[in-house]
Amino acid sequence: MNNLKQASIQYILNNQAPSGAYIACPNFPTYHYSWFRDGSFIAYAMNLVGEHESAGRFHAWVADTILKRVDLIRTVLEKVEDGLEILPQDVLHTRYTLEGEDGVKEEWPNFQLDGFGTWLWALHQHHILAGEELSQNCLDAADWIGLYLRALWPQPCYDSWEEFPQDVHTHTLAAIYGGFKALVNLGFESYQIDADQVQAYILEHCVYDGYFVKYVGSFTVDANLLGLVLPYQVVPLNDDRFKKTIERIETSLLKEGGVQRYPTDTYYGGGEWVLLTAWLGWFYAESGLVEKAATCRQWIETQANPDGELPEQVPLVLNDPNYYLPWLRQWGEIASPLLWSHAKYLILRHVLK
Ligand code: BGC
């Protein structure tokens with residue numbers, strides 16, 4: 001199905017704002033913003049398919065958005081140094097308008113650190129894949145984000161699903177680790193010590209009975225734990241703890257071909273996520289399990305509508321069907337096309353090649 005590849009690239013290009021920001025989903029009012037988390041994977045996918053100019057415009061937009069907020073970063077660094085409590089208004093937002101302004105219309109949980117690590121990782125990948133020197137703006141912004149993460153990573157924050165603010169999340173730490181490693185590889189060698197600390201912390205605190213868990217003190221898994229290996233490489237593909245984690249993800253979250261987020265998810269009833277199915281496929285492909293990866297790809301292709309749009313999730317097997325209708329009434333039909341879903345599909349296509 002070559003069309004879905006082309007459709008994915010086209011949806012992404014069509015929904016990149018003149019500023020360079022990628023909107024999360026054009027048809028879902030609540031997602032009319034750009035998240036660094038989504039956008040970084042989208043930019044990476046665009047690099048993989050040769051759309052370097054698009055990826056470069058996104059990174060330039062992120063850098064500008066960050067550099068406009070250097071005063072806020074300076075203040076929060078001072079507060080951490082003085083041992084003061086970090087308040088919601090002290091932190092960088094997690095999503096921005098397409099013009100790079102804070103999204104202030106609705107209440108939103110903003111203290112999420114994973115997207116910044118993901119951005120550093122994707123910026124370094126852009127440098128490699130586009131084969132170009134990064135602008136001074138991008139490098140300066142990257143260093144500020146490094147300082148920000150260095151100060152804040154031990155604190156509990158909202159996870160990649162924008163939930164559970166009281167916890168320290170394994171996937172968030174993995175993304176931060178990937179971010180520090182990217183900085184080192186970009187020449188900011190002082191962040192090696194931070195990468196080592198985060199990695200040691202994960203291995204000591206985020207493992208229970210030989211497998212990685214959703215957050216410190218948890219006994220359960222989340223499909224976002226895939227990030228430990230791909231792309232952040234906290235542990236190698238064949239790590240025993242990671243293999244046991246994958247077994248648990250397969251047993252408790254893989255439902256009729258699609259992957260759910262975590263066992264008690266209730267968002268739109270907690271269905272199967274396209275981007276997570278692609279993420280699992282990415283892992284299978286890199287592990288040489290090509291048939292399993294191809295099955296993930298086929299499942300995703302079956303979920304596309306006739307226009308080639310991929311949704312955020314599919315309500316086929318729901319964790320708790322009681323929650324489907326309330327979300328539908330609150331926010332409307334499930335977000336589609338979700339650009340992050342298309343990006344992960346492109347990544348899976350690329351590794352399967
Ligand atoms: C997801 C986030 C995502 C955002 C925009 C939320 O529902 O939980 O991970 O960044 O949507 O796609």
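In the predicted model, Met46 makes contacts beyond its neighbours within four places in sequence with Ile9, Ile12, Leu13, Tyr22, Glu51, His52, Ser54 and Ala55. The residue belongs to helix α2, which covers residues 36–48. Met46 has a relative accessibility of 0%, and because buried residues are those under 20%, Met46 is classed as buried. A distance to a remote part of the chain was also computed for this residue: the C-alpha atom of Met46 lies 21 Å from that of Ala294, a residue 248 positions away along the chain.

Tyr22, one of the residues in contact with Met46, is also touched by Asn15. Asn15 is located in the loop that links α1 (2–14) to β1 (34–35). When residues up to four places away in sequence are set aside, the contacts of Asn15 are Ala21, Tyr22, Ile23, Pro26 and Leu339. With a relative accessibility of 16%, Asn15 falls under the 20% limit and therefore counts as buried.

A further buried position is found in helix α5, which comprises residues 114–130 and contains His124. The relative accessibility of His124 is 10%, so this histidine counts as buried. Outside the residues up to four places away in sequence, His124 touches Ala182, Asn185 and Leu186.

Two cysteines were examined for accessibility. Cys138 counts as buried because its relative accessibility is 5%, and Cys296 likewise counts as buried, at 4%. The structure contains zero disulfides; no pair of cysteine sulfur atoms therefore lies within the 2.5 Å that defines such a bond.

The ligand is surrounded by 13 residues, of which the closest are Tyr31, Arg37, Asp38, Ser160 and Trp161. Polar atoms of both side chains and backbone approach the oxygen atoms of the ligand. In the side chain of Tyr31, an N or O atom is 2.5 Å from a ligand oxygen. At Ser160 the partner is a polar backbone atom, with a separation of 2.6 Å from an oxygen atom of the ligand. A distance of 3.5 Å separates a ligand oxygen from an N or O atom in the side chain of Arg261. Taken on its own, the ligand has 310 Å² of accessible area, and 97% of this area is covered by the protein.

At the level of the whole protein, the secondary structure consists of 13 helices and eight strands. The C-alpha trace extends over about 50 × 50 × 40 Å along its principal axes. The radius of gyration is 19 Å; because a compact globule of 353 residues would have a value near 20 Å, the protein agrees with that expectation. Of the 353 residues, 57% are buried, and among these are Met46, Asn15 and His124. Contacts between residues at least 6 apart in sequence were also classified by separation, and 71% of them join residues at least 24 apart. The accessible surface of the protein amounts to about 14,200 Å², and carbon and sulfur atoms account for 50% of this surface.

How values were computed
Residues numbered from 1 in each chain as written. Predicted model: local features only at pLDDT ≥ 70, side-chain atom pairs only at ≥ 80, totals over all residues. Heavy atoms only, no water. Helix = DSSP H or I, 4+ residues; strand = E, 2+ residues; numbered from the N terminus. Buried < 20%, exposed > 50% of the residue type's maximum accessible area, 1.4 Å probe, protein only. Contact = heavy atoms within 4.5 Å. Near = heavy atom within 4 Å. Polar contact = N/O pair within 3.5 Å; in protein donor to acceptor, adjacent residues only side chain to side chain. Areas by Shrake-Rupley, 256 points an atom, 1.4 Å probe, with all protein chains shown as cover. Rg over C-alpha atoms; globule rule 2.2 N^0.38 Å.
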